[in-house]
Each structure stands twice: as C-alpha cells, then as structure tokens.
Amino acid sequence: MQRILIDTDPGVDDAYAIILAMRSPELHVAAITTVCGNVPVNQGTQNLLTILGLLDLDEFPAFAQGEAAPLVKPLVTAAHVHGDDGLGNTSHLRNTDGGPLYPPADTDLASISGVDLILEMAERYPDELIIVALGPLTNLAKAIRKDAAKMRKVRKIIMMGGVFEEYGNVTTTAEFNTFVDPHAAQEVFQFGVPVQIVPLDATHQVVLTRDRLHAELENRADKVSRFLWDATQACMEFYRQHVGFWGFHIHDALPVAMLTHPDYFESVDAYVQVETVGDLTSGVMVADLRPERQHSNPNAQVCVTVAADAFLDHFFERLR
C-alpha cells in the first residue's frame, strides 16, 4: 500500500481526485493539506470538509490548512469555472429541513499549519511518503524553505500542472496551477526530490462528457454520485460556453490513477523549468520532450499520453 499526502485547492476536479484516492485500496491517505488556488484557502478547507463528509468515514486523515497567498504574485482564483464556492455552488443546496444538502464532516482541523503537517508526515514516513499535489505548489515550496532536510525524506511528488505542447487554460501559454504560483513550482523542480508531472497535454486527452456522466449516475441515489452530478454542472456549462463541448476535464484525478494504474500512462524524462518573470509567459513550463533531445540530468518525468477510456472506466468502477 502506498502512503500519500494530498495537497489540494479543493475545486470540482479535486473532489473527483480525493474521492478516487479514498476509494483506492492501493492507497492510504495519511494526510490532506489545503492551499489557495481554485478558491481562497479558507473556502478550500470548507470544501475539503464537504468532500470528506460525503464518504461516511470511520476515521479521517489528518488535515490542515495551508498557505493563503502565493510566494510572490497576488492570488488568482477560478470561481468562474468551479462556481463561487469552488464546488459548483453546492453549498447553496438545502434539504427540506433547511440544512445543507451536503453537510461538512464532523472532524477537527489540525492545530498546526499545512506546511508543518507536510513536514511532520515527511519525517514520520521517511522515504515512503508520496505527495500528490493537485493545486499550486506554495505549501511544498514553503516546506522546503522551512526544513529542506525533512522534505528530502519525501519519496516523490506527483503533481497535476503545467502544459508543454498545448495551449494553456489561463493564458495562451500557462496552466492554472503553475500560473498561480510559478515561483513555488520552480523551487520544487530545482529541489531534487523526484517529480512526476501530469500536464494539460495528458489531462485534455480525458474528456468526461455530460452524457457519460449522466449515463453513469442516473440510476444511482447514493450521496457521492448525487454530489458529483450537482457539483459538475457549473463546470460543464462553462466548458459548453467557452471550451466547445458539454463536459469537463477531471484533471486532478489523473495523478491518483497514475499511482494505482501506472500502465494507463506513458511518460518521458525531462529537465523542467518554470518561467517566473515574463509578462506574457508567467507560469510557462519549459522542457524539451523530444526523445532524441533528452537532458543528461532530468529533474522530472512528464506524462505525455493516457489511456483515456480505461481511465474513465476505472474511475466509475471505483465510484461503484
């Protein structure tokens, strides 16, 4: 069993990823930390409690609230995609008695910061802990700055972020997570802990259409299925208007599946850097992914292809 810490900015695709991780017997979710990104970190922490509240857990992972602002840049959020609350405005939905349709989990936030929880887990599980980073890498960079020796005990970091050979989803050239905190991403890549990257180049290969989601969930009345349907509607409407199809890319679930089903994914070694100062290119990941141009000292593995149908079938099988 692989022991993981999830570092997340809970939006809709983060919810898919957390649910998948919690329902993967190959994984033990030891801890979860929140970070600013899709929503401000306070809202993200509330969203995490909502997601955990869906799962009827006997025991909750340790979880803590992390950084509220990127290292250098002012925070940019994605409420226009994920809804005002980051979860498709599901916080506004009510039961007949007036209570929230999706109440938060009855568990307490850790008394330490997200950065300190990351360091505590790294020290507790040396050379074993895998960090699954689903948002900007601010918490990880702050942890490296605070105690590099403990962070060197992390087995590897697997992250969703960046884009190489496609257009970005914030600017023409940049993906959201690296655009929000490019300085943090650059510090993490230069640190030396093994990094696996699942960029937009891979996540865009997996298209969850509205029809597929409806077909999978229409005969299911359980709380998780109902939530995924409700939470995803705002995102799918955004995609219909601005991306060109009625559906959604569930970006953040792919790094989780890469841990449990690596045969679905193909990656290449690369030396990755992040642009931190360009007016037009802030947050751009730079690497030469051509096999004949491989760097002699790579710092990352970059996912280039994914078996999209197999991945979606796997996700919905785990949901069942």
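**Exercise 1.** Is Tyr102 buried or exposed, and at what relative accessibility?

*Solution.* The model is predicted, so local features require pLDDT of at least 70 and side-chain atom pairs count only at pLDDT 80 or more, while totals for chains, interfaces and linings use all residues. Residues are numbered from 1 along each chain as its sequence is written, and side-chain values use heavy atoms, leaving out hydrogens and water.

Step 1. Buried means under 20% relative accessible area, exposed means over 50%, and partly exposed lies in between (1.4 Å probe, protein chains only).

Step 2. Tyr102 has 6% relative accessibility and therefore counts as buried.

**Exercise 2.** Describe the aromatic pair that Tyr102 forms with Phe227.

*Solution.* Step 1. Rings of Phe, Tyr and Trp (its six-membered ring) pair if their centres lie within 6.5 Å; planes under 30 degrees apart are stacked, over 60 edge-to-face, and the rest tilted. The structure holds 8 aromatic pairs by this rule.

Step 2. Between Tyr102 and Phe227 the centres are 5.2 Å apart and the planes make 85°, an edge-to-face pair.

Step 3. Tyr102 belongs to the loop between α3 (79-82) and α4 (114-124), and Phe227 to helix α11 (residues 223-242), 125 residues apart. Helices (H or I, at least four residues) and strands (E, at least two) are DSSP runs numbered from the N terminus.

Step 4. Phe227, at 0% relative accessibility, is buried.

**Exercise 3.** Which residues do ring pairs link into a cluster?

*Solution.* Step 1. The cluster consists of Tyr16, Phe238, Tyr239, Phe245, Phe248, Phe315 and Phe316.

Step 2. For Phe238 and Tyr239, the ring centres are 6.3 Å apart and the planes stand at 70°, so the pair is edge-to-face. Both of these residues are buried.

**Exercise 4.** Set out the strand order of the open sheet and place helices α1 and α2 against its strands.

*Solution.* Step 1. The sheet has 8 strands with mixed pairing, in the order β3-β2-β1-β4-β5-β6-β12-β9. Two strands pair if DSSP finds at least two bridges between them.

Step 2. Strands β3 (62-65) and β9 (265-270) form the edges, each pairing on one side only. From one strand to the next, the twist averages 25°.

Step 3. Strands β4 (residues 130-133) and β5 (residues 156-160) run parallel and are joined by 4 bridges. Val132 has Ile158 in β5 as its bridge partner.

Step 4. Helix α1 (residues 12-22) lies across β1 (2-8) and β2 (27-34), at about 165° to β1. Helix α2 (residues 41-53) packs on the sheet and touches β2 and β3, its direction making about 150° with that of β2. Contact means heavy atoms within 4.5 Å; axes are lines fitted to C-alpha atoms, for helices over the stretch in contact, with angles from 0 to 180 degrees between N-to-C directions.

**Exercise 5.** How many salt bridges does the whole structure contain, and where do the partners Glu26 and Arg318 lie?

*Solution.* Step 1. A salt bridge places a side-chain nitrogen of Lys or Arg within 4 Å of a carboxyl oxygen of Asp or Glu. The search finds 16.

Step 2. Glu26 and Arg318 meet at 2.8 Å, N to O. Glu26 is in the loop between α1 and β2, whereas Arg318 is in helix α13 (residues 308-319), 292 residues apart.

Step 3. Glu26 is partly exposed at 25%; Arg318 is buried at 19%.
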